[in-house]
Amino acid sequence: MTQDQTEGTAPDRAGATGTETTAEGTGTTAEVVAEQPRTESHDPDFPEKLLEFMRTGWRDDTLPLAPRTEAPNHARRRAALADAFPSETLVVPTGTEKTRANDTDYPFRPGSDFVYLTGDHDPDSVLVLHPTGDGHDAVLYTRQRSSRDNDEFFRSRDGELWVGRRRTLAEKSTELGLRTAPLSELPQALAGCAPARTRVLRGFDPRVDAAVLPYDSGDDAGARDRELATAIAEAKLVKDEWEVAQLQAAIDATVRGFEDVARVLPADRPVAERLLEGIFALRARHDGNDVGYGSIVGAGAHATILHWVRNDGVTRPGELLLMDMGVEGHHLYTADVTRTLPVSGRFTALQRQVYDIVYAAQQAGMDYIKPGVKFSDVHQTCMRVLAEGLAELGVLPVSVDEAMEKESTVYRRWTLHGFGHMLGIDVHDCSYARKKRYRDGELGEGYVLTVEPGLYFQPEDELVPEELRGVGIRIEDDVLVTAAGAVNLSAGLPRQADEVEAWLAAQRDAGPRLP
């Protein structure tokens, strides 16, 4: 998925506040009991006899749980973060459920930094690293099982008969290898935090933001908290062995998803972009958690729109189809892959000429990548090949050298985005890292990034020949930086033009399949 060459800006991460949660042994606060929990406006009032009947006859089963194999990874990350901020309290919320429409919510996706440090996927949870004499005590303040001592478990929209069994505090602690406490104790814990010695990952939970006000103000407002976000982002630059395995699993599922789409893509008649989007989404939900971002399925001129996500067009024989899609795995690490296919099965001479330019730019970038090279130099390597290709096409208005000058970069009219970005538990991972560690920094062993040059000739562009207008091509792969250079984790999908044509034919011959 494309990202421009400037530093990323923070998304709006704050959402609607969630419901009050329960305390161990009671499952509710006095306030919730007084309100007599119920579901929504479309649900009926229950007669007292039914209420009395619902409160009896329930068995409590325990879940046979064991510590997760990845729990030590999360513990090491928490320890490293704590070491970076000795004697300070660190507060990392996951976020709340967000309203989609009226009384329905979007599917909850936990905060990436929170998951990176805990592995917990439940809404409303907050990780607090409390300073101790010789380090930090990590506590996860979280929701727990619905109590059977009141009606919450069957009347509340968050009750277990509506949303399913939740972990007890002890069960979650066993799984995550992390001390847990009821979420109802969080306000007291935050009330005791000294602002000058507390840092909060802000923008995820408005209740947490309000409970601990920023210590700094004026020109430095929020600087202390941003340092926490930066520390986490820079820690995420290097992927450990387990993280690489999660990325590879997501990428392998993505390869299967592209195969699924190719198998139903007709060569001789139109088909809706949304059909192809849905086919890939089926694979993503079956083999992973979901799609890692809104799938881009751009047929014809839609391929020139960098973040085309409406996907309301149709393919046409003779045109190209650009698909930028990725499966998000069960542990939320995501793939990010783009392929551009000739709908009819073979590229025209002009389509192939443009495709080969983009392929050459991508290959040049991959060949250049190794530990110690600058991120910005990989960008320049890819862009020079694109500029040279534009000159060969006769559209570059100046020499290649002049186009590559910082004061010019006129070649970017036809390739607005950078060569790639970091990849991990976010599709645009590590976005809060400092420029000197990321955009202006050097690549290190264990980094995972995309390499995704592209050329896009808008239908309205009168500075290019008519036959180029509406042609958009991007090739994107996910690359691991190793001591020996770049390893293409998405090599399961062919990239070279002849291989793409042969692959598409083979998929069509194989026919549709279900996951």
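Hi everyone, let me start with a strand pair: E5 and strand E6, residues 179-182, run parallel and are joined over 4 bridges. Within that pair, Thr142 has Pro182 of E6 as its bridge partner. Before I go on, please keep in mind that this is a predicted model.

E5 has another neighbour to talk about. Strand E4, residues 126-132, pairs with E5, residues 135-142, in the antiparallel sense, and this pairing has 7 bridges. Here Pro131 stands opposite His136 in E5. The link from E4 to E5 is a hairpin, and 2 residues make the connection. For anyone who wants the background, strands of a sheet pair through backbone hydrogen bonds, either parallel or antiparallel.

Now on to an open sheet. Three strands, in the order E9-E10-E12, make it up, and their pairing is antiparallel. Which strands stand at the edges? They are strand E9 (296-299) and strand E12 (337-342); each has a single partner strand, so one side of each is left without a neighbour in the sheet. On average, neighbouring strands in this sheet are turned by 10° against each other, direction ignored. Strand E10, residues 320-325, is joined to E12 by 6 bridges. If you want a spot to click on, Met325 has Val337 of E12 as its bridge partner.

There is also an open sheet of 3 strands in the order E13-E16-E17, with antiparallel pairing. Its edge strands are E13 (448-451) and E17 (485-488), and each of them pairs on one side only. The twist from one strand to the next averages 40°. Strand E16, residues 477-482, pairs with E17 over 4 bridges, in the antiparallel sense. In this pairing, Val481 has Ala486 of E17 as its bridge partner.

That sheet brings us to the helices. H13 lies across E13, E16 and E17, and runs at about 20° to E16. H13, residues 349-368, also meets helix H16, residues 497-510: their axes come within 10 Å and cross at roughly 115°. H13 and H16 are therefore roughly perpendicular to each other. On the H13 side the contact is made by Arg352, Tyr355 and Asp356, and on the H16 side by Ala497, Asp498, Val500 and Glu501. Sorted by class, this contact of H13 with H16 has 3 nonpolar, no polar and 4 charged residues.

H16 packs with helix H11, residues 241-264, as well; the angle is about 70° and the axes are 7 Å apart. That makes H11 roughly perpendicular to H16. Who meets whom in this contact? Phe258, Glu259, Ala262 and Arg263 in H11 meet Trp503, Leu504, Gln507, Arg508 and Ala510 in H16. By class, the contact of H11 with H16 has 5 nonpolar, 1 polar and 3 charged residues.

Last stop, a pocket. How much space lies in the second largest pocket? About 510 Å³. It is lined by 18 residues, and the closest to its centre are His121, Asp122, Pro123, Arg165 and Arg166. Helix H7, residues 169-176, gives the most to this lining, with 3 residues. And for those of you who like to think in charges, the lining of the second largest pocket divides into 4 nonpolar, 3 polar and 11 charged residues.

That's my tour, thanks for listening!

Notes:
Residues numbered from 1 in each chain as written. Predicted model: local features only at pLDDT ≥ 70, side-chain atom pairs only at ≥ 80, totals over all residues. Heavy atoms only, no water. Axes fitted to C-alpha atoms, helices over the stretch in contact; angles between N-to-C directions. Parallel < 35°, antiparallel > 145°, perpendicular 65-115°, else oblique. Contact = heavy atoms within 4.5 Å. Nonpolar A, V, L, I, M, F, W, Y, C, P; charged D, E, K, R; others polar. 1 Å grid on protein atoms, 1.4 Å probe; cavity = no way out; pocket = protein on both sides within 12 Å on 5 of 7 lines; lining within 4 Å. Points joined across faces, edges and corners; volume = space filled by probe spheres on them. Pairing = 2+ DSSP bridges.
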